[in-house]
Amino acid sequence: MVAASGLAPPRAAAVCPRTRCFPRTSFLRFAPPVAPPPPQLRCCSSTVDDGVVSAETSKPRLPRVVGMGSKLVGCGSAVPTLSVSNDDLSKIVETSDDWIAARTGIRNRRVLSGDETLRGLSVQAAQRALEMAQVKPEDVDLVLLCTSTPDDLFGGAAQVSTEVGCRKAVGFDITAACSGFIIGLITATRYIKGGGLQNVLVIGADALSKFVDWTDRGTCILFGDAAGAVLVQACSADEDGLLGFCIQSDGNGQKHLNARTLNDDSILSKTNGVPGFPPRKATYSCIEMNGKEVFRFAVRCVPQSIEKALEEAGLPASSIDWLLLHQANQRIIDAAASRLDIPSDKVISNLANYGNTSAASIPLALDEAVRSGKVKTGHIIAMSGFGAGLTWGSAIVKWG
């Protein structure tokens with residue numbers, strides 16, 4: 001039967017034959033109700049066998065303790081094998097190595113190729129973080145995948161969690177573009193403090209190369225692909241490694257940096273009597289950016305954000321051992337360091353080698369700094385991410 005609007009009414013929900021998602025009910029007016037099946041315990045299940053969720057026999061977890069502090073105990077990263085230099089780009093668009101380096105500080109970037117996937121990079125980064133932290137995958141409680149470019153539109157954290165072997169963890173995605181890792185890191189500490197979790201994997205990963213217009217020299221020179229991860233672990237409150245933080249957003253700035261959805265006008269469909277229905281197929285546009293406005297926003301808001309986080313931590317800028325900003329543009333990094341009066345030898349930057357890797361940039365640079373011996377246990381790091389949304393945020397953390 002078709003309603004007057006021209007749309008057929010929705011069908012009644014069908015019974016899921018394998019998992020009994022809904023109790024069987026009859027839709028005849030005078031049919032007696034059918035008793036639902038006995039309840040099955042599902043909340044503690046974590047294995048899937050042939051599509052059916054089954055309870056797992058394992059040692060019970062320790063009781064949750066809220067109000068705990070958190071510390072960063074491991075990090076890891078992964079990058080694609082293909083390196084694209086400024087000279088390579090000069091063969092595609094009108095540009096040069098000198099022009100790009102002078103304006104951005106970038107000389108090379110990594111781009112996914114062949115069978116490489118963002119999920120694969122995320123898994124590698126997570127495994128390396130767990131190895132450094134000496135934590136088993138089955139001891140991870142939560143996996144946060146901070147990305148705006150997942151392999152699957154519905155998210156990738158669950159797949160990454162499964163491939164890493166975090167069989168007891170729940171995983172979900174956080175989408176906040178270049179601010180994603182900072183927001184994910186703060187989210188992890190709140191789950192530990194308020195939810196009593198013990199180990200949280202925070203992965204920042206993006207493949208912006210898939211959304212770049214490689215004929216636009218204003219944007220194609222900037223972006224690269226990568227993944228980075230940290231293991232955040234519960235500790236006593238007096239050992240808390242998150243000393244202060246500040247996160248903010250302003251949707252008015254979205255017009256300056258975005259990758260909007262577009263409707264495909266070539267898709268023809270029957271409207272079933274309703275104009276504009278079904279909706280046209282949607283695709284994503286390439287990254288669009290007003291470079292001057294984004295630069296102006298970053299050099300103003302990033303130092304302010306770090307100052308607010310320092311104020312919450314009760315620390316002066318002079319207490320910072322390392323300044324680690326989202327790797328977007330060397331001029332932004334230099335301007336923020338100058339505003340905070342932080343010398344250049346305390347600034348972590350790998351922008352020249354990887355370009356802007358969005359949510360991956362901070363954990364990627366952190367991993368290199370830790371493994372090279374720059375960052376040591378007890379060092380205080382001022383981190384700040386900023387980007388599309390517009391979103392931005394800072395965290396003052398103690399490593400280890």
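Here is a friendly set of questions and replies about a predicted model of a protein chain.

Me: How many helices and strands are there in the protein chain?
Reply: Welcome to the structure, and let us begin with an overview. The chain has 400 residues, and 43% of them are buried. Its secondary structure comprises 9 helices and 17 strands.

Me: Of the contacts with a separation of 6 or more, what share comes from residues 24 or more positions apart?
Reply: The surface gives some background here: the chain exposes about 20,500 Å², with carbon and sulfur atoms supplying 54% of that area. As for the contacts with a separation of 6 or more, the share from residues 24 or more positions apart is 75%.

Me: How many residues of strand β16 are buried?
Reply: In a regular strand, side chains alternate between the two faces of the sheet. Ile380, Ala382, Ser384 and Phe386 point one way from β16, while Ile381, Met383, Gly385 and Gly387 point the other way. Residues on both sides are buried, and the count for β16, which spans residues 380-387, is 8 of 8.

Me: Which residue of β16 is the bridge partner of leucine 325?
Reply: Leucine 325 belongs to β15, where Leu323 and Leu325 point one way and Trp322 and Leu324 the other, all of them buried. Strand β15 (residues 322-325) pairs with β16 in the parallel sense over 4 bridges. Leucine 324 stands opposite methionine 383, and the partner of leucine 325 is serine 384.

Me: Do β16 and β17 pair in the parallel or the antiparallel sense, and over how many bridges?
Reply: One pair to look at is alanine 382, whose bridge partner in β17 is isoleucine 396. The two strands form a hairpin with 3 residues between them. Strand β17 covers residues 391-398, and its pairing with β16 is antiparallel, over 8 bridges.

Me: Is the peptide bond from glycine 389 to leucine 390 cis or trans?
Reply: Most peptide bonds are trans. Leucine 390 is in the loop between β16 and β17, and in that hairpin glycine 389 takes a positive phi near 145°. The bond from glycine 389 to leucine 390 has an omega near -10°, and it is cis.

Me: How far from aspartate 225 is the nearest side chain of opposite charge?
Reply: Aspartate 225 is found in strand β9 (residues 225-235). It is buried and has no salt bridge. A salt bridge needs a nitrogen and a carboxyl oxygen within 4 Å. The nearest side chain of opposite charge is that of lysine 210, at 7.8 Å.

Me: Which residue has a backbone nitrogen that the side chain of aspartate 225 reaches at 3.2 Å?
Reply: Leaving aside neighbours within four places in sequence, the contacts of aspartate 225 include Pro80, Arg110, Asp206 and Thr357. Leu208 is also among these contacts. The backbone nitrogen reached at 3.2 Å belongs to leucine 208.

Me: Which residue has its backbone oxygen 3.1 Å from a polar atom of the side chain of asparagine 199?
Reply: Asparagine 199 lies in strand β8 (residues 199-207), and it counts as buried because its relative accessibility is 7%. Leaving aside neighbours within four places in sequence, its contacts include Val135, Val140, Leu231 and Gln233. The backbone oxygen at 3.1 Å is that of aspartate 139.

Me: Why does alanine 177 count as buried?
Reply: Alanine 177 lies in the loop between β7 (170-174) and α5 (180-195). Its phi is positive, about 50°, although it is not a glycine. Buried means under 20% relative accessibility, so alanine 177 counts as buried at 14%.

Me: What is the relative accessibility of serine 358?
Reply: Most residues other than glycine have a negative phi. Serine 358 is not a glycine, yet it has a positive phi of about 55°. This residue sits in the loop between α8 (351-354) and α9 (361-371). It counts as buried because its relative accessibility is 2%.

Me: How many residues of α9 are buried?
Reply: Just after α9, glycine 373 takes a positive phi of about 95°. Within the helix, the buried residues include Ser361, Leu364, Asp367 and Val370. Helix α9 is mostly covered, and its buried count is 9 of 11.

Notes
Residues numbered from 1 in each chain as written. Predicted model: local features only at pLDDT ≥ 70, side-chain atom pairs only at ≥ 80, totals over all residues. Heavy atoms only, no water. Buried < 20%, exposed > 50% of the residue type's maximum accessible area, 1.4 Å probe, protein only. Contact = heavy atoms within 4.5 Å. Areas by Shrake-Rupley, 256 points an atom, 1.4 Å probe, with all protein chains shown as cover. Pairing = 2+ DSSP bridges. Lys, Arg positive; Asp, Glu negative; His and termini not counted. Polar contact = N/O pair within 3.5 Å; in protein donor to acceptor, adjacent residues only side chain to side chain.
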